[in-house]
Amino acid sequence: MTDPVRNPEATAPSPERAEPASAGAASASPAPASAADAHPAEAVSPALAAALAEELMRRAGEDRELMREAAAAPTPERRRRIAWCHRDNAEALETIVRRHGWPDASLVGPAAATAALMILLHAPEPDFRLRCRDLIAQAAADGRCPAVHFAYIADHCAVDQGEPQFYGTRMDPATLRPYPVRHPRTLDERRHDVGLGPLEEQLRALRLPG
């Protein structure tokens, strides 16, 4: 199974590999929140930033391990443990966001920022994902996190709302094909703008065994 810390959706390429795109890449999608909402209300010390990063990585690692166990041998108990983990992780992330803003790479480092994104994608509350989507859009526009992070959460929220996605990152597990995409002819251009490869490369990777 694909590592969800390096890859927040099991069917999508790793966001850690992409460099931040220009601010214009995110601006074509849902409008971000105001800058005042996107930045922490108070300064974060290096020690606190390190502690936040460690917490995010630990929680994402626990999620990853539970998902690996469930993939190897699915049971109702393992599914319950995953659901509990997702709820608990989302509550912890919501506390971090409320106190310090979105934990982007400038605050907690690239690996922990990607872990935060994975936790967000697994969060059970759609309203929380929407609020964080706007914060991530602002962070991407400011160069504080890779634009590909915004691509993942924008697509996730679009599918949740029954709307076409922007970048084709969210796959239907029944078909291993993307959920509906807006303006398919220009999809690969939008993917390139946020650091993703062509969709067909992603689909070929999904079809590989292992």
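1. R129 and its surroundings. In this predicted model, R129 makes contacts beyond its close sequence neighbours (those within four places) with L120, L121, A123, P124, I153, H156, C157 and D160. R129 itself sits in helix 7. Its relative accessibility is 6%, so R129 counts as buried, the cut-off being under 20%. Two of its partners, L120 and L121, are themselves listed among the buried residues of helix 6.

2. Helix 7. This helix covers residues 126-141, which makes 16 residues. From first C-alpha to last it reaches 23 Å, close to the 22 Å expected at 1.5 Å a residue. Its buried residues are F128, R129, C132, R133, D134, L135, I136, A137, Q138, A139 and A140. The list includes R133 and D134 as well as R129. After the helix comes G143, with a positive phi near 80 degrees.

3. Helix 6. Helix 6 has 12 residues, and 10 of them are buried, so please read this helix as mostly covered. The buried set is A112, A113, T114, A115, A116, L117, M118, I119, L120 and L121. These residues pack against helix 3, helix 4, helix 5, helix 7 and helix 8. End to end, C-alpha to C-alpha, helix 6 reaches 17 Å, close to the 16 Å expected at 1.5 Å a residue.

4. The core. The largest nonpolar core holds 42 residues. Within it, L56, L93 and W102 touch the most other members. Helix 3 (46-72), helix 4 (76-100), helix 5 (105-108), helix 6 (110-121), helix 7 and helix 8 (147-160) each give two or more residues to this core. Helix 6 supplies the largest share, with 9 residues.

5. The aromatic pair. The structure holds 1 aromatic pair. The ring centres of F166 and Y167 are 6.2 Å apart and their planes meet at 40 degrees, so the pair is tilted. F166 is buried, with a relative accessibility of 10%. Y167 is buried too, at 2%. R182 lies over the face of F166, at 4.3 Å from the ring centre.

6. Helix 9 and Y167. E189 belongs to helix 9 (residues 187-193). Its C-alpha is 9.2 Å from that of Y167, although 22 residues separate E189 and Y167 along the chain. H192 is in helix 9 as well. The C-alpha atoms of H192 and Y167 are 9.4 Å apart, with the two positions 25 residues apart in sequence. Both helix residues are exposed: E189 has a relative accessibility of 53%, and H192 has 61%. Y167, by contrast, is buried at 2%.

7. Positive phi outside glycine. Two residues deserve a check here. L176 has a phi near 55 degrees, a positive value in a residue other than glycine. It is found in the loop between strand 1 (171-172) and strand 2 (177-178). L176 counts as partly exposed, at 36% relative accessibility. H183 also has a positive phi, near 50 degrees, and is likewise not a glycine. H183 lies in the loop between strand 2 and helix 9. With a relative accessible area of 58%, H183 is exposed.

8. Overall layout. The protein has 10 helices and 2 strands. Their order from the N terminus is α-α-α-α-α-α-α-α-β-β-α-α. Of its 210 residues, 48% count as buried. Among contacts between residues at least 6 apart in sequence, 62% join residues at least 24 apart.

9. Confidence. Mean pLDDT is 84, and 79% of the residues reach 70 or more. Residues 1-41 have pLDDT below 50, yet this stretch has 98 contacts in the model beyond near neighbours in sequence. Where pLDDT is low, the predicted coordinates should not be read in detail.

Notes. Residues numbered from 1 in each chain as written. Predicted model: local features only at pLDDT ≥ 70, side-chain atom pairs only at ≥ 80, totals over all residues. Heavy atoms only, no water. Helix = DSSP H or I, 4+ residues; strand = E, 2+ residues; numbered from the N terminus. Expected span 1.5 Å × (residues − 1). Buried < 20%, exposed > 50% of the residue type's maximum accessible area, 1.4 Å probe, protein only. pLDDT = per-residue confidence, 0-100. Contact = heavy atoms within 4.5 Å. Phe/Tyr/Trp six-rings, centres within 6.5 Å; stacked < 30°, edge-to-face > 60°. Lys NZ or Arg CZ within 6 Å of the ring centre and 35° of its normal. Core = buried A, V, L, I, M, F, W, Y, C linked by side-chain atoms within 4.5 Å.
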